[in-house]
Amino acid sequence: MILYPNCKINLGLRVVRKRADGYHDLETIFVPVYGLHDILEVQPISGPSLEGREKVLFKQEGIAVDCSEEDNLIIKCYRLMAARYPQIGSVSIRFMKIIPFGAGLGGGSSDAAHIAIALNELYQLGLTRDQLAAEVLPLGADCPFFVYNTPCYAEGIGDRLSPIDLNLNGIRIVLIKPDEGVSTKEAYSGIQIMDNGQRTMDKNVSADFIAQNNKLFFNDFEASVFPKHPVIADIKKHLMDAGAFYASMSGSGSTVFGLFKNDPEGCTNAQLALLKQQFASMVLLDDTFGEWKS
């Protein structure tokens, strides 16, 4: 079985309060970006040396991940699922890492969610999406989102999800990631928390609504991250200058994305060509949204 774990972007991200357990409650809209994805090949394996125990034959290619094999969320998810469901046997996993890590795109969480999806199908576990989402939640707050993989309004630590009807069909997205990264710890250390307990984002959004109200969809992390990482702020400015109706850092960074409407006069294409030339080594994706997968 071959799967394509995709990344996500955040349309706005508000950090609402710090919780007693040290985590933070937030509000955001998760949007899947299918065009940028890793590649996972998962196959059951058997043999005399594998019987009676769970074993993973794991091979990784592409971008090097800065953790041990056992700390990889793919392997953690397999171990978690195999411990709960004895019918899961040994597997061979071939992994091509394409989504940068530490980029605010949720690549590792997507990989974990897709391994759970694969095991559910390969071993006929019969788990619903809601059940799969509950299984992967211990691995990361945004792992459940990638089980549903359609636009969702997220609350809590990002785990309380409400599917939304968001149409971005035909909207162009450009993803740019500078060489420097932003750790989650660094991003949260400088956050200014809006502790009013009130919802500040609207679930009912559209491309036109975002274009007309883009100041309502700001990312709270930008206020502290941009002064320390001017290149990230510079990328956002250039995306807006190139004609994006909305641009933002995704998650805690450092990737920035811009959303563009089709311009019949071709102005946006000309401006984007210059932008992509300027940031050629940093452009991760230039694609157009299609219909959401069911």
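So, Tyr-153 pairs up with Ser-162, its bridge partner in S8. That contact belongs to a run of 4 bridges between strand S7, residues 152-155, and S8, and the two strands run antiparallel. Keep in mind as I go that this is a predicted model.

Now step back to the sheet around that pair. Which strands make it up, and in what order? You have 4 strands in an open sheet, ordered S2-S3-S7-S8, with antiparallel pairing. At the edges stand S2 and S8, the latter covering 160-163; each has a single partner strand, so one side of each is left without a neighbour in the sheet. From one strand to the next, the twist averages 20°.

There's another open sheet, again with 4 strands, and here the order is S10-S11-S9-S12, with antiparallel pairing. Its edges are S10, at 246-249, and S12, at 283-288; both have a single partner strand, so one side of each lacks a neighbour in the sheet. On average, and ignoring direction, neighbouring strands here are turned by 10° against each other. If you want to look at one pairing in there, take S9, residues 172-176, against S12: 5 bridges, in the antiparallel sense. Arg-172 is a good place to click, since it stands opposite Thr-288 in S12.

Okay, more strands, this time around S4, which spans residues 39-44. S1 is joined to S4 by 2 bridges, antiparallel, and Leu-3 has Leu-40 as its bridge partner in S4. S4 also connects to S6, residues 91-97, through 6 bridges, and that pair runs antiparallel too. There, Pro-44 finds its bridge partner in Val-91 of S6.

On to the pockets. How much space lies in the largest pocket? About 1,100 Å³. The elements giving two or more residues to its lining are strands S2 (6-18) and S3 (24-37), helix H1 (73-84), and then S6, H2 and H5. In total 43 residues line the largest pocket, and the ones nearest its centre are Gly-106, Ser-109, Asp-142, Thr-184 and Ser-252. By class, that lining splits into 19 nonpolar, 17 polar and 7 charged residues.

The second largest pocket comes in at about 340 Å³. Two or more residues of its lining come from each of S3, H2, H3 and helix H4, which is 143-148. It has 18 lining residues, with His-114, Ile-117, Phe-146, Val-147 and Asn-149 nearest the centre. The class split for this second pocket is 9 nonpolar, 7 polar and 2 charged.

One loop residue before I finish: Gln-124, which lies between helix H2 (107-122) and helix H3 (129-136). Is Gln-124 buried or exposed? With a relative accessible area of 72%, it is exposed, because the cut-off for that is over 50%. Its C-alpha atom is 9.3 Å from that of Ile-88, with the two positions 36 residues apart along the chain.

Last thing, confidence. The average pLDDT for the chain is 88, and 92% of the residues score at least 70. Which element has the lowest mean pLDDT? That's helix H5, residues 184-189, at 72, while strand S1, residues 2-3, has the highest, at 98. And remember that H5 is one of the elements lining the largest pocket, with Thr-184 among the residues nearest the centre of that pocket.

Methods: Residues are numbered from 1 along each chain as its sequence is written. This is a predicted model: local features need pLDDT of at least 70, side-chain atom pairs count only at pLDDT 80 or more; totals for chains, interfaces and linings use all residues. Side-chain values use heavy atoms; hydrogens and water are left out. pLDDT is the predictor's confidence in each residue, from 0 to 100. Two strands pair if DSSP finds at least two bridges between them. Buried means under 20% relative accessible area, exposed over 50%, partly exposed in between (1.4 Å probe, protein chains only). On a 1 Å grid over the protein atoms alone, a cavity is a set of points where a 1.4 Å probe fits but cannot get out, and a pocket is an open set with protein on both sides within 12 Å along at least five of seven lines; lining residues have an atom within 4 Å of a point. Grid points are joined across faces, edges and corners, and a volume is the space filled by probe spheres set on the points. Ala, Val, Leu, Ile, Met, Phe, Trp, Tyr, Cys and Pro count as nonpolar, Asp, Glu, Lys and Arg as charged, and the others, Gly among them, as polar. Axes are lines fitted to C-alpha atoms, for helices over the stretch in contact, and angles run from 0 to 180 degrees between N-to-C directions.
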